[in-house]
Amino acid sequence: MRYRLTFIAGLALGYVIGTRAGRERYEQLKKSARQIAQNPAVRNTAESAAQSSREFAGKAYHAVSVKVGDKVPASVVARVRSVRERSQGQGVEDDWGTSNT
């Protein structure tokens with residue numbers, strides 16, 4: 001019975017979201033999210049967080065590689081190498097679609 005009730009509630013929610021009012025509300029939310037993402041303060045904060053995470057990832061990799069030695073898989077080495085290239089600003093595009101140079 002509980003599963004039927006959950007299914008019916010999900011079906012009703014899908015119907016409401018699919019209606020015109022739901023679509024209009026979705027468009028409003030999408031527009032608000034776009035405005036927030038384009039805010040320079042938000043972009044600067046996101047970029048500084050990304051830069052910090054790249055630095056921490058490099059430090060963590062170094063600490064682990066010292067303890068583990070040559071047992072780090074090649075796939076991990078390649079990923080860390082790409083993170084290092086991005087953080088060193090070698091003109092590689094980052095996740096935001098902008099160049100680090």
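## Confidence

Averaged over the protein chain, pLDDT comes to 78, and 83% of the residues score at least 70. This is a predicted model, so it helps to know where the confidence sits before getting into particulars. Helix α3 (residues 40-68) comes out highest, with a mean of 86, while helix α4 (residues 74-87) is lowest in the chain at 75. As a general caution, predicted coordinates should not be read in detail where pLDDT is low.

## Overall layout

Walk along the protein chain from the N terminus and you meet α-α-α-α. That's 4 helices and 0 strands.

There isn't much buried here: of the 101 residues in the protein chain, 8% count as buried. The chain exposes about 8500 Å², and carbon and sulfur atoms supply 59% of that area. As for how the chain meets itself, take the contacts with a separation of 6 or more: 35% of them join residues 24 or more positions apart.

## Helix α1 and its nonpolar patch

Helix α1 covers residues 2-18. With 17 residues at 1.5 Å each, α1 should span 24 Å, and its end C-alpha atoms are indeed 24 Å apart, so the expected and modelled lengths agree. The helix is hardly covered, too: the count of buried residues among its 17 residues is 0.

L11 is part of this helix. Its relative accessible area is 55%, which means it counts as exposed, the cut-off being over 50%. L11 also teams up with F7 and I8 to make a nonpolar surface patch of about 350 Å².

## The salt bridge

How many salt bridges does the count come to? The answer is 1. The partners are R54 and E47, whose side chains meet with an N to O distance of 3.7 Å.

The two ends of this pair sit in different accessibility classes. R54 has a relative accessible area of 10%, so it is buried, as that falls under 20%. E47, at 25%, is partly exposed, because that value lies between the 20% and 50% cut-offs.

Notes: Residues numbered from 1 in each chain as written. Predicted model: local features only at pLDDT ≥ 70, side-chain atom pairs only at ≥ 80, totals over all residues. Heavy atoms only, no water. Patch = residues over 30% accessible without salt bridge, like charges linked within 9 Å, V, L, I, M, F, W, Y side chains within 5 Å. Areas by Shrake-Rupley, 256 points an atom, 1.4 Å probe, with all protein chains shown as cover. Salt bridge = Lys/Arg side-chain N within 4 Å of Asp/Glu carboxyl O. Helix = DSSP H or I, 4+ residues; strand = E, 2+ residues; numbered from the N terminus. Buried < 20%, exposed > 50% of the residue type's maximum accessible area, 1.4 Å probe, protein only. pLDDT = per-residue confidence, 0-100. Expected span 1.5 Å × (residues − 1). Contact = heavy atoms within 4.5 Å.
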